[in-house]
Amino acid sequence: MSDQHPVFARRIMGIETEYGLTTSAGPEERALSPDEVARVLFRPIVQEHSSSNIFSTNASRLYLDVGSHPEVATAECDSLSQLLAYECAGDAIVNRLGEQAEQAFAAEGHPRAVYLFKNNVDSAGNSFGCHENYLISRHMVLKDLGLALLPFLITRQLICGAGMVQPAKGDKPAQFLLSQRADQVWEGVSSATTRSRPIINTRDEPHGDSKRFRRMHVIVGDSNMAEPTMALKVGSTLLILEMLEAGFELPEFDIEKPIHHIRAIARDMTGSTELPLAGGGSVTALEVQQQLCQRATQWLEEREDAGTPTAEMRRVVDLWQRTLHAIETQDFSGVDREIDWVIKLGLLERYRARLGGHWDHPKLAQIDMTYHDIRPSRGLYHVLLRKGLIERWITDSEIERAMDTAPATTRAALRGQFLAAARSLGANVTVDWTRLKVNRPEPRTEELLDPFVADEDRVEALLDYMRLHHS
């Protein structure tokens, strides 16, 4: 193993999820625009905070993004199950807003259902994202790291795609895709986000000490519903990052124009898409994943047991292995309660057989969309979950705790403590990822540049100042 670069035994992570938003309209009701629905959805937030961009009491960021998309950016997390709990807590927080919006519509005499979707493409073809953030060392050259990750990331959809029914386009018939994001990205590594949508965004926003940290921003991933799929998406990426940072030898795949193959991989659930190598020959998408998974299995024997416990990483690798075996054998019975695209495909195939065997039936698109409805009262994912047809990775109690309590092991704990005190005292404060500011009587600010630090005397002094002037 190389000691050229520092290796994070713990790694700070976060997920940003954008939600699709719409309402039903009765026969005599005017259809509302997304902007109109969003205003009602965020009305309780604006009434309390005079803003549609806030940090919640669990230290996550809740805001209304461009295009009237509700978005949640999780608080800083340093282990896999912790991150999943805060990701799922984001769904629950947004669902709570949906319930309040329905109550508001009913009170105004115009009852209508509010739909919130955790997916990546709406019925009009508009795309919205699920972005992963991983803290890496400033010593790592992000572009080089990104290029090393591309073979893994373009093939990762095999193990964690959300799946989708793609409508017919021109002379191309409707079909099932493994990934919702594969057709939406156009570059490998770039500083752009919307203009060209790269797999890895290199914009330098570390949200910490820029001399020590970088934030690797991955924007190719699908929004997942099944907890095991989320765990595999993030966990496998964590393992690859750990191995790259540690100098642990990985197979090199010098794939010619890797981004050009991401769409073909999305259309081939056998994983047999041929990826030409610059030095001659080729490798299949499945072989890339198999070789990387094999090295991850070996890495677990050397890995420091910190951050995400190695026992949990073994669960990740076990699911990774089983998913690849399912793809190789085309027998998906071993993962059909854990992997989103497999769960969805099985469901759609059963309906497709009843409806005449064509992917362009509108009922299939409706089922596809309803799988991603986060409202527990009607979302198809939640129906399957209640029937025991989807496995769990974490518990309801972990999610409930994450809704209102910040992670205790990262900088988020300080933000959560500060916000809780400010709201109980009615203090006027300003918060972002790195700063806590008491605005009155005299402004006082503390900057927290180390996301690993969960206990800080300077914050205690700031809290004392707040209590002195607002108690």
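Which side chain makes a polar contact with the side chain of Tyr 63? The side chain of Glu 71 does, at 2.8 Å. The views below all come from a predicted model.

**View 1. The residues that UniProt lists under "binding site".** The unreviewed UniProt entry gives Glu 16, Tyr 63 and Glu 71 for this feature. The three span 56 residues in sequence, yet no two of their C-alpha atoms are more than 10.8 Å apart, so they gather at one spot. Glu 16 sits in strand S1, residues 13-18. Tyr 63 belongs to strand S4, residues 61-65. The view shows the 2.8 Å polar contact between the Tyr 63 and Glu 71 side chains.

**View 2. Surroundings of Glu 16 in strand S1.** Glu 16 has a relative accessible area of 13%. That value is under 20%, so Glu 16 is buried. Beyond residues up to four places away in sequence, Glu 16 touches two other residues of the UniProt listing, Tyr 63 and Glu 71. Val 72 and Ala 73 are also touched by Glu 16. Further contacts of Glu 16 include Gly 129, Cys 130, His 131 and Asn 133. Arg 215 and His 217 complete the list for Glu 16.

**View 3. Surroundings of Tyr 63 in strand S4.** Tyr 63 is buried, at 7% relative accessibility. Its neighbours within four places in sequence are left aside here. Tyr 63 is in contact with Glu 16 and Glu 71. His 69, Pro 70 and Ala 73 also contact Tyr 63. So do Phe 42, Ser 52 and Asn 53.

**View 4. Asp 65, the position that UniProt marks as "active site".** The annotation comes from an unreviewed entry. Asp 65 is found in strand S4, as is Tyr 63. Is Asp 65 buried or partly exposed? Asp 65 counts as partly exposed, at 23% relative accessibility. Apart from neighbours within four places in sequence, Asp 65 is in contact with Glu 18 and Glu 71. Glu 71 is also a contact of Glu 16 and of Tyr 63.

**View 5. Ala 59, a positive phi in the loop before S4.** Ala 59 lies in the loop between strand S3 (53-55) and S4. Its phi is near 75 degrees, a positive value in a residue other than glycine. Most residues other than glycine have a negative phi. Ala 59 is buried, with a relative accessible area of 0%.

**View 6. Packing of helices H6 and H9.** Helix H6 covers residues 227-246 and helix H9 covers residues 310-329. Their axes are 9 Å apart and meet at an angle of about 105 degrees. The range from 65 to 115 degrees counts as roughly perpendicular, and H6 and H9 are therefore roughly perpendicular to each other. On the H6 side, the contact is made by Pro 228, Ala 231, Leu 232, Gly 235, Ser 236, Leu 238, Leu 239, Ile 240 and Glu 242. H9 contributes Met 313, Val 316, Val 317, Leu 319, Trp 320 and Thr 323. By class, this contact has 11 nonpolar, three polar and one charged residues.

**View 7. Two residues of H9 and the loop that follows.** Thr 310 is in helix H9. At 7% relative accessibility, Thr 310 is buried. Neighbours within four places in sequence aside, Thr 310 is in contact with Leu 300, Arg 303, Glu 304 and Asp 305. Gln 330 is found in the loop between H9 and helix H10 (340-355). Phi of Gln 330 is near 60 degrees, a positive value in a residue other than glycine. Gln 330 is partly exposed, with a relative accessible area of 35%.

**View 8. Ala 278 in the loop between strands S13 and S14.** This loop joins S13 (274-276) and S14 (282-284). Ala 278 is partly exposed, at 43% relative accessibility. Leaving aside neighbours within four places in sequence, Ala 278 is in contact with Asp 254 and Glu 256. Met 140 is 138 residues away along the chain, and the C-alpha atoms of Met 140 and Ala 278 are separated by 24 Å.

**View 9. A cis peptide bond before Pro 441.** The bond runs from Arg 440 to Pro 441, with omega near 0 degrees. Most peptide bonds are trans. Pro 441 lies in the loop between strand S16 (435-438) and strand S17 (444-447).

Definitions and conventions:
Residues numbered from 1 in each chain as written. Predicted model: local features only at pLDDT ≥ 70, side-chain atom pairs only at ≥ 80, totals over all residues. Heavy atoms only, no water. UniProt positions renumbered as here; feature names shortened; annotations may be inferred. Helix = DSSP H or I, 4+ residues; strand = E, 2+ residues; numbered from the N terminus. Buried < 20%, exposed > 50% of the residue type's maximum accessible area, 1.4 Å probe, protein only. Contact = heavy atoms within 4.5 Å. Polar contact = N/O pair within 3.5 Å; in protein donor to acceptor, adjacent residues only side chain to side chain. Axes fitted to C-alpha atoms, helices over the stretch in contact; angles between N-to-C directions. Parallel < 35°, antiparallel > 145°, perpendicular 65-115°, else oblique. Nonpolar A, V, L, I, M, F, W, Y, C, P; charged D, E, K, R; others polar.
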